[in-house]
Every structure is written in C-alpha cells, then in structure tokens.
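Colleague: Please give me a close look at the interior of this protein and at how its pieces fit together there. I am new to this, so take it slowly and in plain words.

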Amino acid sequence: MKSVKLNNGIEMPMVGFGVYQVSDEDTEKAVSEALKAGYRLLDTAAVYGNEAGVGRAIKASGIPREEIFVTTKLWIQRENGYENTKKALENSLTRLGLDYVDLYLMHQPFGDVHEQWRAMEDLYKAGKARAIGVSNFHMDRLMDLITCHEIVPAVNQIETHPFYQRDAEIAFHKELGILQQAWAPLAEGKFEIFGNLILTQIAQKHGKSVAQVVLRWLNQRGVAIIPKSVKVERMLENREIFDFTLDEQDLAQIATLNRDEIIFNHRDPKMVKWLAEHRG
C-alpha cells in the first residue's frame with residue numbers, strides 16, 4: 001500500500017520522511033535529498049526546531065506544492081488553548097514558508113486538549129490544514145476527544161515497532177476510521193533490532209535488509225511510517241519495500257518479538273524534565 005485515503009477523503013503517502021532530532025541546518029540538506037529520493041511526505045513539528053529547514057528544502061526543490069504532503073505538530077499550549085493554537089499554526093506556517101499544511105497534529109495529550117482541538121477544527125475549516133489529527137494519544141484519551149467534538153482525528157501518530165506492536169490500537173483505529181502512523185518504526189535502533197536473529201533470517205529469505213522487513217511489516221498491517229535517516233542510501237532503502245510480501249510464517253515470527261516496551265515514557269524523570277523545559 002503506497003498511499004491511503006484519510007477519513008476526510010484526502011490522499012496521504014504511507015511512507016514519509018521524518019526529521020525528529022535533526023538540526024535545522026542539517027534538515028534542509030536531508031529533506032532535499034529525501035525529495036530527490038522520491039519522498040513526498042515530510043513530517044516535522046514545532047518543537048523539533050527545524051520547520052524552517054523543511055520549508056527551505058521544499059522551496060528549493062522546485063516540486064509543485066500540491067505534490068508534497070507536509071505534516072507539522074502543535075506543541076502543548078498551557079494557557080488559552082484556543083487562541084494560542086491558532087497562533088501556533090500561523091507561526092509554523094511562517095517558518096515553513098507555506099500557506100497551509102496537509103496534516104496538523106496535536107503533539108501530546110497535554111494542556112487544554114479540548115480547546116486546542118476546537119481551534120484545530122476551525123483551522124481545518126479555514127483551509128489552513130487539509131486534515132487534522134493527534135499524536136501519542138492512548139485509546140481512552142482519543143475516545144474522549146472524539147466524543148466531545150465534531151471532527152474525528154484523521155491520524156494518530158504513535159510509537160509502533162516490532163517490540164511494541166500495538167495490536168489493540170491498530171484494531172481500535174481501524175474501527176474508528178483513523179490511520180495509525182508509526183513514529184520510531186525502527187525502534188530508534190534500540191533492542192539490537194538490526195542484529196535480531198528472527199528479523200535477520202526473514203531479511204535473508206527475501207533478499208532485503210532488516211529495516212526493509214520491519215517497514216514492510218508495518219505497511220502490511222496498514223500502519224503508515226516516517227523513518228528518518230540523513231544517509232541517502234538509507235533513504236532509498238527505506239522506500240524500497242513494495243517489491244516483496246511477508247508471508248504468514250514471517251508475520252507469526254515477528255509477532256513473537258512483541259515486548260510491549262516503549263522508548264518514550266512520559267513518566268520517566270528525564271522525560272518529565274524535558275516536557276517542563278519545552279512548555280508551549
């Protein structure tokens with residue numbers, strides 16, 4: 001599956017390019033290379049500090065705006081969630097050098113979530129975002145948001161990889177017509193993923209890399225992906241996942257890897273400190 005229609009009818013690529021933890025200076029070069037490699041979905045966020053680099057690369061590419069799907073994210077608004085959310089998107093658009101984004105996500109389920117979402121609904125209706133969604137929302141928070149508002153999020157971007165497979169979330173999102181998109185699809189290289197025996201054997205069987213096997217596994221489960229790399233050869237490799245199919249045996253073996261272990265723990269003292277330092 002190379003693209004998917006979101007619940008409001010717009011088309012979104014299933015494979016995108018993420019720029020988390022890439023400096024603004026390096027982002028321009030990385031995104032330029034990604035666009036040359038054929039990527040047409042770019043994923044950034046206000047808190048990443050590299051929206052301007054993404055915007056410069058888009059402008060320099062010469063690719064028509066309508067051919068590039070741009071996602072950015074609203075950071076936590078601690079006060080006056082409605083007005084500050086509208087200002088936040090305007091600031092993001094200024095940094096990106098764009099008139100609209102294709103997808104605007106609420107980055108975390110914190111702050112005045114309901115006022116933030118109300119503003120995002122209005123921004124969507126005003127054409128500032130072609131679709132709106134959320135990120136890092138657990139099922140209960142997502143259902144609360146849906147129950148209290150008019151627009152159902154188009155996307156929920158959450159950590160998903162072989163060691164945190166999120167079967168319940170995939171089923172839940174499909175039932176509600178919400179696309180699940182994986183951040184850290186390659187587990188940020190943790191858990192010795194690239195040396196994992198099961199994944200290595202499956203990769204050898206198909207003549208592919210471990211990264212390609214994992215990304216194809218996610219794609220076959222209907223999960224969109226935004227792998228990140230600053231190396232051109234890896235960018236190209238991460239897109240070459242549509243010329244093979246994992247069989248039932250492969251899928252059953254990968255299922256045994258699930259540990260339900262997360263990378264990004266909001267309750268971890270280091271994360272609590274980071275969140276405090278990045279207040280909206």
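Modeller: Let's begin with a term: a nonpolar core is a set of buried Ala, Val, Leu, Ile, Met, Phe, Trp, Tyr and Cys residues that are joined through side-chain atoms within 4.5 Å. Buried, here, means under 20% relative accessible area. Please keep in mind that the model in front of you is predicted.

Now to the core itself. The largest nonpolar core holds 87 residues, and the members touching the most others are Leu6, Met12, Phe17 and Tyr104. Among the helices and strands, helix 8, residues 210-220, gives the most to this core, with seven residues. Pick out Leu6 and look around: leaving out residues up to four places away in sequence, Leu6 touches Met12, Phe69, Ala131, Ala154, Val155 and Leu179. Met12, then, is both a contact of Leu6 and one of the residues with the most core neighbours.

Next, find helix 2, which covers residues 51-61. Which of its residues are buried? They are Glu51, Gly53, Val54, Gly55, Ala57 and Ile58. A rule about helices helps when you read such a list: an α-helix has 3.6 residues a turn, so residues three or four places apart point the same way. The buried residues of helix 2 pack against two helices and two strands: helix 1 (24-36), helix 3 (81-96), strand 4 (41-43) and strand 5 (69-74). Just after helix 2 comes Gly62, with a positive phi of about 75 degrees.

Follow the chain on from strand 5 and you meet Trp75, which lies in the loop between strand 5 and helix 3. Trp75 counts as buried because its relative accessibility is 7%, and the cut-off is 20%. If you would like to try the distance tool, the C-alpha atoms of Trp75 and Asn7 are 24 Å apart, with their positions 68 residues apart along the chain.

Helix 3 brings us to a pair of helices. Two packed helices are described by the angle between their axes and the distance between the axes. For helix 3 and helix 4 (residues 113-125), the angle is about 45 degrees and the axes are 7 Å apart. That angle is why helix 3 is called oblique to helix 4. The crossing of helix 3 and helix 4 is right-handed. On the side of helix 3, the contact is made by Gly81, Tyr82, Thr85, Lys86 and Leu89, and helix 4 brings Glu115, Gln116, Arg118, Ala119, Met120, Asp122 and Leu123. Sorted by type, the residues of this contact between helix 3 and helix 4 are five nonpolar, three polar and four charged.

Let's zoom in on one of them, Leu123, in helix 4. Is Leu123 buried or exposed? With 4% relative accessibility, Leu123 is buried. Apart from neighbours within four places in sequence, Leu123 is in contact with Thr85, Lys86, Leu89, Tyr104, Lys128 and Ala129. Tyr104 is a name you have met already, as one of the core residues that touch the most other members. As for Leu89, its C-alpha atom is 8.5 Å from that of Leu123, although the two residues are 34 apart along the chain.

Finally, compare a second helix pair. Helix 7 (residues 197-206) and helix 10 (residues 248-255) cross at roughly 160 degrees, and their axes come within 10 Å. Helix 7 and helix 10 are therefore roughly antiparallel, and their crossing is left-handed. Here Ile198, Leu199, Ile202, Lys205 and His206 of helix 7 meet Gln249, Asp250, Gln253 and Ile254 of helix 10. This contact of helix 7 with helix 10 divides into four nonpolar, three polar and two charged residues.

One last stop is the loop between strand 9 (179-183) and helix 7, where you will find Ala184. Ala184 is buried, at 11% relative accessibility. Outside its neighbours within four places in sequence, Ala184 is in contact with Thr160, His161 and Ile263. Ala184 and Ile263 are 79 residues apart in sequence, yet their C-alpha atoms are 8.6 Å apart in space.

Conventions
Residues are numbered from 1 along each chain as its sequence is written. This is a predicted model: local features need pLDDT of at least 70, side-chain atom pairs count only at pLDDT 80 or more; totals for chains, interfaces and linings use all residues. Side-chain values use heavy atoms; hydrogens and water are left out. Buried means under 20% relative accessible area, exposed over 50%, partly exposed in between (1.4 Å probe, protein chains only). Helices (H or I, at least four residues) and strands (E, at least two) are DSSP runs, numbered from the N terminus. Contact means heavy atoms within 4.5 Å. Axes are lines fitted to C-alpha atoms, for helices over the stretch in contact, and angles run from 0 to 180 degrees between N-to-C directions. Angles under 35 degrees count as roughly parallel, over 145 as roughly antiparallel, 65 to 115 as roughly perpendicular and the rest as oblique. A crossing is left-handed if the near helix is turned anticlockwise from the far one by less than a right angle, and right-handed if clockwise. Ala, Val, Leu, Ile, Met, Phe, Trp, Tyr, Cys and Pro count as nonpolar, Asp, Glu, Lys and Arg as charged, and the others, Gly among them, as polar.
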